[in-house]
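Visitor: I'm new to this one and would like a close look at a single part. Could you walk me through the place where two domains of one chain meet?

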Amino acid sequence: MSRGGHRARWSAAHGARLALAGGLGLTLAACAGSAATGGGASPAGASATLEIAAFSPFTGPNAPYGYFQYTGCVAAVHAINAAGGVTGHHFTCTIVDNRGEPADAVPAANNMVASSPHLVGIVDGDSGLMSATVPLFNQAHIPDLSAGGDVQFDKNIYPYFWRTTPGDDVAGYTLAAYVKFGTGFTRIAAVFGNDQAAQGNVPGLVSGARHLGLHIAVSESIALDQTTYATEVQKILAAHPQVIVTESDPQTAGVLLGGLKQAGWTGPIVGTSGTLGIDYDKAAIAAIGKAAYEARFVRIIQYAQQSGLAWQTWKSALFAAGSLVKDPASDETAIYAELPYDHTTMLALAMLAAHSTNPVTFNPYIEKITQGRTVVHTFAQGKAALAAGKTIDYVGVTGQVSFDKYHNSAGLWAAENPVTNLPEKLVSARDVTAAEGH
Amino acid sequence: MTTSPGASHPAAGETALAGSQARPPLLRVEGLACHFGGVLAVQDATFDVRHGTITGLIGPNGAGKSTVINLISGSTRPGQGSVRFNGDEIAGQRPHEIAHRGIVRTFQQANVFGGLTVLENLLVGAAPWRGERVSAALGRKQAWSATQSGLLDQAWDILRRFGLEGIANDYARALSGGQRRLVELMRALMAQPALLLLDEPMAGVHPALAASIADRLLEMRDAGMTMLMVEHELRLVEKLCDPVVVMARGTVLAEGSMAELQSNQEVVDAYLGGGGGG
Amino acid sequence: MTLLLGIVIFGVYSAALLAIGAVGFTLQFGVTNVLNLAFGSILTACIFAEYGLTGHSTNLWIAMAVGAASGAVLSLLIGHVVVGAFLRRGATGFGIAMVTIAISLMVQFGLEAIQGPDILSYSAGSQATMNIGGVVLSSGQLTTIIVAVLAMAAVQVLLRMTKFGLAMRATAADVSLARTCAVSPARTRAVTWLISGALCGICGVLLGIGEGSFSASTGSDFFITLAAAAVLGGIGKPAGAMIGALIIGIVSQAAAAVIAPSYKTIAAWVILIAVLVLRPQGILAEFAADRELVA
Ligand SMILES: Nc1ncnc2c1ncn2[C@@H]1O[C@H](COP(=O)(O)OP(=O)(O)OP(=O)(O)O)[C@@H](O)[C@H]1O
Ligand SMILES: [Mg+2]
């Protein structure tokens with residue numbers, strides 16, 4: 001399922017959330033494609049309600065990600081509407097189910113564009129579908145704020161496409177950067193499952209290691225779901241690595257980490273965002289024990305704030321959105337819900353700054369609101385600052401945004417404790433750039 | 001039609017028997033019929049097998065002899081008629097139930113477990129199978145231990161009697177046709193059957209070996225075993241069997257000693273005369 | 001040297017796990033002639049049963065006993081009652097295989113429906129380990145090897161030295177001839193399903209505890225390799241399944257060590273196909289075409 005390659009990004013937390021999707025996916029499926037649900041207080045008799053589409057899978061194995069997109073959008077819309085909206089307009093979030101398949105996504109995108117006169121923006125997280133759908137959005141002049149990881153978009157040429165998370169290949173560089181600047185070790189064992197998602201990290205890691213003067217002592221691609229990895233473990237340890245960098249599915253990880261423990265490995269283990277999720281945690285804890293997991297394992301993942309004004313506002317909007325959000329307590333630290341929250345907020349702020357709800361007019365302002373002088377953390381703050389005639393720099397719950405000429409912003413990374421999910425060390429954009437050899 | 005006077009009147013049949021013999025027959029076949037599609041293989045076959053006899057069953061090819069053996073042993077289900085064994089109706093029972101009662105058979109085409117050794121073939125034949133209930137199969141010593149229950153001794157005894165200890169551990173699939181016949185016979189004997197059904201046990205066997213098999217059969221009869229034997233070689237029938245049942249075209253033509261049959265013109269015409277036709 | 005020793009030792013461990021299941025699978029196929037494609041799901045169900053019933057006991061022997069018992073019951077239920085009902089209605093080999101696939105999917109997705117797609121984990125009690133020439137073996141792995149050896153010996157004793165085992169082999173070889181030897185196929189079959197299920201349960205529990213975690217699809221994934229071991233050795237032949245498991249276990253470990261880990265599965269299948277090209281019936285079996293389905 002999640003090993004199926006092009007959904008590299010989905011594989012990250014999807015296991016953890018599938019339980020949610022079990023019930024939810026079905027409910028959403030019934031209304032997928034057309035249902036519009038008001039976010040927060042709906043004004044009576046105001047001008048047209050503007051639509052933001054959560055264009056994502058809401059059915060199928062990746063349905064949890066659609067739910068994340070929708071959750072983030074709904075929370076943002078709640079906060080925006082509560083602060084009076086944009087020039088008298090209120091907002092609503094629409095579910096557009098693309099089923100996670102290109103064959104379904106293109107007709108869904110066409111249908112959405114054709115049938116939604118008040119559509120002003122899209123939030124998506126669609127790794128694997130972007131080359132099919134982004135040109136369509138661009139043609140329709142609808143801004144698309146994306147959390148998808150397709151690497152072709154590292155050098156994006158579409159003006160209406162914006163991305164605040166890095167391409168999937170960047171994750172490999174962040175691993176090298178963390179080993180270099182976070183641990184000081186130099187001998188790396190790269191141990192990745194032989195699925196496409198896990199293997200996607202390897203080129204970046206290898207190249208990053210070269211740029212940073214690190215040594216890949218051994219690189220093993222592991223056949224998934226075997227009953228023992230003892231021979232592989234022996235081979236890995238024979239190369240005398242100082243740190244193991246890894247990604248695999250939970251069951252493979254359980255057997256692999258158990259084998260490492262059994263063979264006496266007590267060094268640090270660095271996981272990718274693909275090791276995120278409750279199943280991975282369970283398997284790892286079963287294999288090496290909770291104390292060792294917490295002490296010796298870190299996960300390099302895009303940094304999500306868990307304090308400060310931006311986060312407090314996000315959290316209260318999430319809880320205030322009511323029944324539209326199924327599990328606010330578990331979503332409050334979910335990066336894949338936080339990203340569309342920031343994306344939706346950015347869309348609204350760009351409209352304010354442009355004094356227009358016309359996408360053609362406000363699209364360039366999506367970048368401008370991250371470049372101003374006054375740092376704002378919420379929609380309300382931004383609205384007040386803009387009203388006071390200031391230029392703003394929106395630093396939302398997912399942190400500073402800084403678009404490059406390809407409309408990509410790599411974001412901030414952190415090594416987080418796998419049990420508490422709290423960051424232990426940050427991996428700065430500068431560290432990642434060094435790993436990339438720039 | 002009154003083919004056999006006692007058939008529809010058990011009481012009359014028993015009276016008739018009481019006159020000739022103190023004991024009822026071990027096996028009583030009455031009005032047995034069986035057809036395959038349009039072919040009436042057996043129709044209205046009626047005869048007895050009495051205790052302690054080697055009853056012969058002869059007749060031309062296609063007369064229905066093997067089918068009768070199949071019907072008695074349960075390998076084929078009869079369309080009509082009754083088979084009583086020790087007074088119990090067994091027609092229509094399943095083969096293992098009939099075997100369990102002590103009726104054991106051999107086949108016209110010698111039939112052995114190729115993947116088992118000769119000794120193992122014999123042990124499979126050992127009877128009666130006590131492992132009948134699942135619990136018993138798992139619980140009983142006898143079910144578990146072929147060696148402790150004396151079966152192994154019995155098997156070696158039989159092997160020795162047939163002079164075949166030498167091939168005890170050979171796989172049965174490697175045996176010659178004659179050896180297979182012997183293994184089949186020995187396997188049947190392991191069951192210590194009350195009634196042994198033999199379908200041409202000497203066919204395809206070297207004459208010297210056939211003679212020794214004949215001697216074994218006579219020994220067994222003298223030890224009290226009852227047999228029903230299909231055989232084409234009339235000299236052997238004459239030597240071994242009394243009485244002899246003659247079948248032709250699915251029905252019983254006559255029954256009696258070989259001498260009586262040789263003077264029966266109908267029998268001579270149908271079979272003994274060498275015409276072989278019918 | 002350590003590498004070579006590692007290949008052998010962990011090859012044997014992999015083989016041990018495979019063999020326990022493969023022997024159960026092949027024994028049942030040999031005697032009943034039913035291709036039980038639900039075997040993998042029964043295996044999963046046994047892990048769930050053990051996990052649920054004992055509250056994931058850390059005592060391996062208790063766990064195995066519970067696994068064996070649940071496997072035996074499930075197997076008898078599925079094989080004897082359900083499949084038996086279809087056989088009595090005259091279903092053919094292919095139809096029966098489809099029925100077992102249906103059962104398999106119902107069990108797997110039933111478990112998933114109840115449990116959800118999450119994986120479940122045994123907590124790692126810190127296991128004792130022993131060092132053999134630089135190769136570290138855990139007590140759980142050692143136990144698996146010992147259990148496999150005991151189980152293999154027990155199956156061989158059963159088949160070669162007991163009357164009931166002879167009845168099973170006779171039924172496997174020729175059902176109608178076995179019937180004329182007073183062997184009741186139904187009873188032989190029932191016990192065979194029981195034994196096969198018990199081995200399945202033991203295998204499942206050792207797999208679940210050995211891997212540390214499991215999900216509703218654990219057994220079906222493992223079943224493919226397990227069936228390969230059975231086919232490699234000659235389907236229907238317990239001794240063949242043992243040989244097949246050993247070959248697959250050692251070849252895959254050797255491939256992981258000598259070539260690269262991602263080749264281990266490929267290596268195992270290449271061997272399987274190569275052997276089947278040379279001996280289509282598998283290593284030990286003869287062809288057994290046209291065999292009767294045992295009702
Ligand atoms: N399974 C069967 N299907 C169809 N016809 C059969 C079958 N078995 C026997 N027959 C037919 O029934 C008749 C009796 O056959 P049976 O084998 O009983 O004869 P037989 O007396 O044993 O002959 P032989 O001396 O050649 O062995 C024959 O016409 C035979 O072709
Ligand atoms: Mg005949």
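Guide: Sure, let's go to chain B, where six residues of domain 1 are in contact with 10 residues of domain 2, contact meaning heavy atoms within 4.5 Å. A word on the ground rules: this is a predicted model, in which local features need pLDDT of at least 70 and side-chain atom pairs count only at pLDDT 80 or more, while totals for chains, interfaces and linings use all residues. Residues are numbered from 1 along each chain as its sequence is written, chains are lettered from A and ligands numbered from 1 in the order in which they are written, and side-chain values use heavy atoms, with hydrogens and water left out.

Now, the two parts themselves. Domain 1 of chain B covers 14-112 + 192-273, and domain 2 of chain B covers 113-174; these bounds come from an automatic or database domain assignment. Between them, the two domains of chain B bury about 690 Å², with 58% of it on carbon and sulfur atoms. Buried area here is the accessible area (1.4 Å probe) that two parts lose on being put together, summed over both. On the domain 1 side, H100(B), V112(B) and R216(B) lose the most area to domain 2, together 66% of what that side buries.

What about polar links? The rule finds one residue pair in polar contact across this interface of chain B, both at pLDDT 80 or more. A polar contact is a pair of N or O atoms within 3.5 Å; within protein, one must be able to donate a hydrogen and the other to accept it, and residues adjacent in sequence count only if both atoms are side-chain atoms. The count of salt bridges between the two domains of chain B is zero, a salt bridge being a side-chain nitrogen of Lys or Arg within 4 Å of a carboxyl oxygen of Asp or Glu.

Helix 9 (residues 207-222) of chain B gives the most to the domain 1 side of the interface, with three residues. Helices (H or I, at least four residues) and strands (E, at least two) are DSSP runs, numbered from the N terminus. By class, that domain 1 side has two nonpolar, two polar and two charged residues. Here Ala, Val, Leu, Ile, Met, Phe, Trp, Tyr, Cys and Pro count as nonpolar, Asp, Glu, Lys and Arg as charged, and the others, Gly among them, as polar.

One last stop in chain B: Q192(B) lies in the loop between helix 8 (177-190) and strand 7 (195-199). Phi of Q192(B) is near 45°, a positive value in a residue other than glycine.
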